[in-house]
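Hello,

The structure we talked about is below, followed by notes on what turned up in it. Please read the notes with the coordinates open.

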Amino acid sequence: MEYLTMLPPGSRAPEFTLPDQDGREVSLSALLGHRMLILYFYPADFTPGCTREACGVRDMHKEIEQAGLAVAGISPQSADSHRAFREKYNLQFPLLADCDKAVAGMYGVRGPLGFGVRRATFLIDPARTIRDAILADFRIGKHEDFMRRALVTGRGGR
């Protein structure tokens, strides 16, 4: 099922399985385990905005883990592209390949007329409920602010 608008907080996060940067199939349930997940969609590997966003997540990764959260990124590039992107920028979290943008469609973050993927971030709890979400598009700072709020939520604050 494809949503025309981004899934709002309170919605159930659709289950999916996508290949990671190493070609291994990874499901939403496996990413969640028994913790909350920061799931972010981004347009493309190696572009200036997406590189800044991914490096920001990298720089916060230790804090994310300490808060008991997991994080993963999704974009339409191949597993090979994700592996090269991850290696070049020393990213320590999984990048998932949504080459046909089916998962982006399920979460309502495909670009206008189905082209590309919008920059969006979801905070998903272990019951697959979307606790918070933001559509940042070109505003990387909004994504970074969302991540900091997610850290507070992960630590038990609200």
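**Helices, sheet and cores**

Helix H2, residues 48-66, lies across E3 and E4 and runs at about 160° to E4. Keep in mind throughout that this is a predicted model. Helix H3, residues 79-89, lies across E4 and E5, and its angle to E5 is also about 160°.

The strands under these helices belong to an open sheet of five, in the order E5-E4-E3-E6-E7, with mixed pairing. Its edges are strand E5 (95-97) and strand E7 (130-135), each of which pairs on one side only. From one strand to the next the twist averages 20°. Within the sheet, strand E3 (residues 36-41) and strand E4 (residues 69-75) run parallel and are joined by six bridges. One pairing to look up there: tyrosine 40 has glycine 73 in E4 as its bridge partner.

Which way do the residues of H3 face? Ala79, Ser81, His82 and Phe85 are the buried ones. Viewed down the axis of H3, these buried residues fall within an arc of 155°, so they line one face of the helix. Their cover includes H2, E4 and E5. On the face turned away from the buried side, H3 carries the exposed residues Asp80, Glu87 and Lys88. Just after H3 comes asparagine 90, with a positive phi of about 55°.

Now the nonpolar cores. In soluble globular proteins, nonpolar side chains tend to be buried together. The largest core here has 27 residues, and those with the most contacts inside it are Phe16, Leu39, Phe41, Tyr107, Val109, Phe122 and Ile124. At least two residues of this core come from each of helix H1 (28-32), E3, E4, helix H4 (102-106), strand E6 (120-124) and E7. Apart from it lies another core, of 22 residues, among them Met36, Ile38, Tyr40 and Val71. Tyr40 is thus a residue to view twice: it belongs to the 22-residue core and is the bridge partner of glycine 73.

Which residues does isoleucine 124 touch, leaving out those up to four places away in sequence? The list is Ala13, Leu28, Leu32, Arg35, Met36, Leu37, Leu39, Tyr107, Thr129 and Ile130. Among these contacts, Leu39 and Tyr107 are also named with isoleucine 124 as having the most contacts inside the largest core.

Regards

How values were computed: Residues are numbered from 1 along each chain as its sequence is written. This is a predicted model: local features need pLDDT of at least 70, side-chain atom pairs count only at pLDDT 80 or more; totals for chains, interfaces and linings use all residues. Side-chain values use heavy atoms; hydrogens and water are left out. Two strands pair if DSSP finds at least two bridges between them. Helices (H or I, at least four residues) and strands (E, at least two) are DSSP runs, numbered from the N terminus. Axes are lines fitted to C-alpha atoms, for helices over the stretch in contact, and angles run from 0 to 180 degrees between N-to-C directions. Contact means heavy atoms within 4.5 Å. A nonpolar core is a set of buried Ala, Val, Leu, Ile, Met, Phe, Trp, Tyr and Cys residues joined through side-chain atoms within 4.5 Å. Buried means under 20% relative accessible area, exposed over 50%, partly exposed in between (1.4 Å probe, protein chains only). The arc is that of the directions from the helix axis to the C-beta atoms.
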